[in-house]
Amino acid sequence: MTVPETPTTPAPTTPTRRAPAGIDPRGPRVGAGITGVLLVVVLLLGGSAAATILLAVIAASFALGAVGGPSATWQGWLFRTLVRPRLAPPSELEDPRPPTFAQLVGLVLTTLGVVGALLGAAWAVPLAASFALVAAFLNAVFGLCLGCELYLLGVRLRTRSA
């Protein structure tokens, strides 16, 4: 009679994923403030070609952030280069995944505005800029990141359904 072999180490039931290194939570807030100022300029320019071009530049910045995280944007560079050296170290670091998802949300919003303008709907630029400005303002002033909250809601819904 043979004894069945038993594994020496049990196989994990769920894959383990390590969270990426944390980021300074003040960086995305500074970036949101800079983006908010640019979105105000978009609104002041109305439905003009200049507004569409500026919104496209903002969308490109969101694209960088959606791919590489908020630190990969030019606003992140400004924060790292000009602001962070003048501040005390952060008391805690933030998971970069929610702010990266927020960059994706910003990309979708601003891209819809640019595409709408290119299709002849001049009102799409101020509308998209208004929604993005509300999100940027809430993040910059109150630290409430709407895209981050959407990310966390998605995580909760995924874990509940699993």
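**A walk around helix H2**

Let's start with helix H2, which covers residues 49-68: its 20 residues reach 29 Å from the first C-alpha to the last, close to the 28 Å expected at 1.5 Å a residue. Keep in mind that what you're looking at is a predicted model.

Now look at which parts of H2 are hidden. The buried residues here are Ala-51, Thr-52, Leu-54, Leu-55, Ile-58, Ala-59, Ser-61, Phe-62 and Gly-65. To read a list like that, it helps to know that an α-helix has 3.6 residues a turn, so residues three or four places apart point the same way. And what does the covering of the buried residues of H2 include? You'll find helices H1 (26-45), H3 (74-83), H4 (97-118) and H5 (124-142) among the parts that do the job. Follow the chain just past the end of H2 and you meet Gly-69, which takes a positive phi of about 90°.

Next, hop over to helix H4 and pick out Leu-109. Is Leu-109 buried or exposed? It falls in between: its relative accessible area is 25%, so Leu-109 counts as partly exposed. Setting aside residues up to four places away in sequence, Leu-109 touches Ala-128, Phe-131 and Ala-132. Ala-129 sits 20 residues from Leu-109 along the chain, yet their C-alpha atoms are separated by 8.0 Å.

Finally, how confident is the predictor? The protein chain averages a pLDDT of 90, and 88% of the residues score at least 70. Over residues 1-7, though, the pLDDT is below 50, and this stretch has 0 contacts in the model beyond near neighbours in sequence. Residues 9-15 also stay under 50, with 0 contacts beyond four places in sequence.

Note on methods:
Residues are numbered from 1 along each chain as its sequence is written. This is a predicted model: local features need pLDDT of at least 70, side-chain atom pairs count only at pLDDT 80 or more; totals for chains, interfaces and linings use all residues. Side-chain values use heavy atoms; hydrogens and water are left out. Helices (H or I, at least four residues) and strands (E, at least two) are DSSP runs, numbered from the N terminus. The expected span of a helix is 1.5 Å times one less than its number of residues. Buried means under 20% relative accessible area, exposed over 50%, partly exposed in between (1.4 Å probe, protein chains only). Contact means heavy atoms within 4.5 Å. pLDDT is the predictor's confidence in each residue, from 0 to 100.
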